[in-house]
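Here is a short report for a reader meeting this structure for the first time. Keep the model open while reading.

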Amino acid sequence: MAGRKAGQAPGTLRLPILMAAPRPASCSAVRHLRPAIAAMAGYTPGEQVLDCIKLNTNESARPPGPKVMEALQAITSDRLRLYPDPRATELRRVAAATYGVTPEQILAGNGSDDCLTILYRAFLAPGDRVAAPWPTYGLYDDLATLQGAEMIHVDWRFAADGWHLPEALATVGAKLVLLANPNNPSGTLVPVADLRRLAERLDGILVVDEAYVDFAPEGSSFLPFLDAHPNVVVLRTFSKSYSLAGGRLGLLFAHPDLVAHLTKVKDSYNVNHVTQRLGIAALQDAAWLDALVAGTVAERKRLETLVASHGWTWVPTAANFLLCEVGPRAEAIYLALKERRLLVRWWNKPLLNTKLRITVGTPEQTDRLAAELKSIV
Ligand SMILES: Cc1ncc(COP(=O)(O)O)c(C=O)c1O
């Protein structure tokens, strides 16, 4: 399903991005699987290895704040014995105050990946079209395959000063358009004014996935314009700027009528009690967030200087990572770094296989990367 390019005629589908030959089945029960599930390779998350320097999945290099750790310690056994609040009422109340919306405009998810799953399940019937500029976050494709929907990739308009919004996104007949802003893996940012124009032209839902927007300049978020665009859904995650990737928390913002319908689609207890408390504590510590973002943006400059010293280029980034153009040695350098227990991200995919995506780390991690690159390159 995934991977049709805009403008390609039906019947000339590109091979789905992660399609792999089905494994030889030793268990006869697998024949009962839906063919799309049996055939798909499944999403490949970045490697999660603990005793490495992890600059491969864009978590924050800095820890969550003391208020979050206090909230963790304050969890009572009774609150673990009981089910959590299915609607995450207090979390949504605190989030509404933080983001200047109403609680009825918010749905909490088990990470923003959960919010994405809810959106796909709610809007896409088998055969429906979903579109995204390409390259972008790989999970958008796999969710389409799971849902039996047809993913249309529309290439970004690539330029030296960034990757720009492709106009065709509004006209490919997609019910759902996914746009990560800043984009993963490029870190490039589309101005809100362009997104508003896209939303107005689109006969469908525009999902603005703002996983990295806290690292972008002020004024980059769509949230202040949500009320003016009932066909826009905004996603936020706590996995990046709030340092809570292990806690799994995301927020979905939309018109209250949409949120009411989407609430019917989510798992009843999709956000556990511990995570709800950690999310509240994180939202209530704005100073920690500000310091973390400022530290990350400062370290991003150091990483840019390091990358430039190797003659590599990158597109201007508004996120906590750089997508570096490394050339034909990209895979070899990725493997050599991995051997030295330093993980960065490399994809064996067209447009990406000459590049490395490097997450902004701590100053010590940048120093270590510099030392390893010196010996490898
Ligand atoms: C654009 C984008 N959206 C969503 C996610 C997933 O976020 P979460 O950890 O909240 O599921 C990621 C993670 O890398 C991402 O890059």
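His273 counts as partly exposed, because 18 C-beta neighbours lie inside 10 Å. The cut-off for buried is 20 or more, and exposed means 12 or fewer, so His273 falls in between. The model is a predicted one. His273 has its place in helix α9. Which residues does His273 contact, leaving aside its neighbours within four places in sequence? They are Arg79, Leu80 and Pro84. Take Pro84: it is 189 residues from His273 in sequence. In space, the two C-alpha atoms are 4.8 Å apart.

**Helix α4**

Helix α9 also appears in the surroundings of another helix. Helix α4 spans residues 89–99, and its buried residues are Leu91, Arg92 and Ala95. Why do these residues sit on the same side of α4? They cover an arc of only 95° around the axis, which puts them there. What covers them includes the strands β3 (106–109) and β11 (250–253), along with α9 (273–283). Just after α4 comes Gly100, with a positive phi of about 70°.

**Two helices side by side**

Now turn to α10 and α12. Helix α10 covers residues 286–309, and helix α12 covers residues 363–376. They pack at an angle of about 5°. Their axes are 10 Å apart. Angles under 35 degrees count as roughly parallel, so α10 and α12 are roughly parallel to each other. On the α10 side, the contact is made by Glu299, Arg302, Leu303 and Leu306. On the α12 side, it is made by Pro363, Thr366, Leu369 and Ala370. By class, this contact has five nonpolar, one polar and two charged residues.

One residue from each helix can be placed further. Ala286 lies in α10. Is Ala286 buried or exposed? Ala286 is exposed, with 10 other C-beta atoms within 10 Å. From Ala286 to Tyr137 is 149 residues in sequence and 28 Å in space, C-alpha to C-alpha. Lys374 has its place in α12. Lys374 counts as exposed, because 11 C-beta neighbours lie inside 10 Å. The C-alpha atoms of Lys374 and His310 are separated by 8.8 Å. Along the chain, these two residues are 64 residues apart.

**A strand residue**

His153 has its place in strand β5, residues 150–155. His153 is buried, with 23 other C-beta atoms within 10 Å. That count meets the cut-off of 20 or more, so the residue qualifies as buried. Arg368 is 215 residues away from His153 along the chain. Their C-alpha atoms are separated by 37 Å.

The C-alpha separations are gathered here.

| Pair | Along the chain | In space |
|---|---|---|
| His273 and Pro84 | 189 residues | 4.8 Å |
| Lys374 and His310 | 64 residues | 8.8 Å |
| Ala286 and Tyr137 | 149 residues | 28 Å |
| His153 and Arg368 | 215 residues | 37 Å |

**The ligand shell**

The ligand has 13 residues around it. Which of them come nearest? They are Gly111, Asp113, Asn184, Thr237 and Ser239. By class, the shell has four nonpolar, seven polar and two charged residues.

**Backbone features**

Asn184, one of the residues that come nearest to the ligand, also takes part in a cis peptide bond. The bond from Asn184 to Pro185 is cis, with omega near 20°. Pro185 lies in the loop between β8 and α7. Another cis peptide bond joins Asn181 and Pro182, with omega about 0°. Where is Pro182? Pro182 lies in the loop between β8 (176–180) and α7 (192–201).

Phi angles add two further sites. Ser243 has a phi near 60°, a positive value in a residue other than glycine. Ser243 lies in the loop between β10 (232–237) and β11. Ser243 is buried, with 22 other C-beta atoms within 10 Å. Arg341 also has a phi near 60°, again positive in a residue other than glycine. The place of Arg341 is the loop between α11 (330–339) and β14 (342–343). Arg341 counts as partly exposed, with 13 C-beta neighbours inside 10 Å.

Conventions. Residues numbered from 1 in each chain as written. Predicted model: local features only at pLDDT ≥ 70, side-chain atom pairs only at ≥ 80, totals over all residues. Near = placed C-beta within 6 Å. Nonpolar A, V, L, I, M, F, W, Y, C, P; charged D, E, K, R; others polar. Helix = DSSP H or I, 4+ residues; strand = E, 2+ residues; numbered from the N terminus. Arc of directions from axis to C-beta. Contact = placed C-beta atoms within 7 Å. Axes fitted to C-alpha atoms, helices over the stretch in contact; angles between N-to-C directions. Parallel < 35°, antiparallel > 145°, perpendicular 65-115°, else oblique.
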